[in-house]
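Please look over the structure shown here before reading on. The questions that follow go through a few of its strands and loops in turn.

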Amino acid sequence: SDVCSSDLAKDLSLKAETGGMDAEAGIALDAVDNIFILSDFLLDSEVTMEADSDADGTGRFDIAASKTLDTQNNDLNIQASDFKVDGSIDASGKELTLTLQDLEDGKQSIGLGLADKDVDIDNAELANISANNLVIGGDENANIVVDGVAQENVANIAKVTLIANTE
């Protein structure tokens, strides 16, 4: 059976006692701090996940190593103050959108590949993502710096859209 645990809604940990999890209807997952994906997770409809809903800069979206979040050809929107993609995200048929929280103390910059910024998505994490369209950023972040992204680390991403707000 599926287990969804929460510590006063601060952290949301999704872990199946046996096997994996399956979301058959559109869902929205919100956590004051972190969202942890600790089991394989199939999404049979569009899903939105929001970590750090209080926008204090402490919330992270985290998928554990050897686990897969499979969108089953549905869009996936993830908003957080940081991302840790040790497992796989398969949005190969649709769009995966990663946006930052609108923090109270200002906008963060995003680093891709070897770039070292406030929030980094390194080459190993990029290699764990499959998407028809990977959208990174939005009005909530400042600049996006891309440095040293190797072709093999984005081979499973058909299109990348970067959105920066430098105002």
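Q: How many bridges join strand β13 to β14?
A: In this predicted model, strand β13 covers residues 108-113 and runs parallel to β14. Two strands count as paired if there are at least two bridges between them, and for β13 and β14 the number of bridges is three.

Q: Which residue in β14 is the bridge partner of G111?
A: The strands β13 and β14 are joined by bridges and run parallel. For G111, the bridge partner in β14 is D120.

Q: What is the order of the strands in the open sheet of three strands?
A: The pairing in this open sheet is parallel. Its edge strands, each of which pairs on one side only, are β14 (119-121) and β16 (141-147), and the twist from one strand to the next averages 20°. Read across the sheet, the order is β14-β13-β16.

Q: Is A55 buried or exposed?
A: A55 lies in the loop between β7 (47-50) and β8 (60-63), and although A55 is not a glycine, its phi is positive, at about 55°. The relative accessibility of A55 is 12%, and because a residue under 20% relative accessible area counts as buried, A55 is buried.

Q: What is the relative accessible area of Q72?
A: Q72 lies in the loop between β9 (68-70) and β10 (76-80), and Q72 has a positive phi of about 50° without being a glycine. Partly exposed residues fall between the cut-offs of 20% and 50%, and Q72 is partly exposed, with a relative accessible area of 35%.

Terms used:
Residues are numbered from 1 along each chain as its sequence is written. This is a predicted model: local features need pLDDT of at least 70, side-chain atom pairs count only at pLDDT 80 or more; totals for chains, interfaces and linings use all residues. Side-chain values use heavy atoms; hydrogens and water are left out. Helices (H or I, at least four residues) and strands (E, at least two) are DSSP runs, numbered from the N terminus. Axes are lines fitted to C-alpha atoms, for helices over the stretch in contact, and angles run from 0 to 180 degrees between N-to-C directions. Buried means under 20% relative accessible area, exposed over 50%, partly exposed in between (1.4 Å probe, protein chains only).
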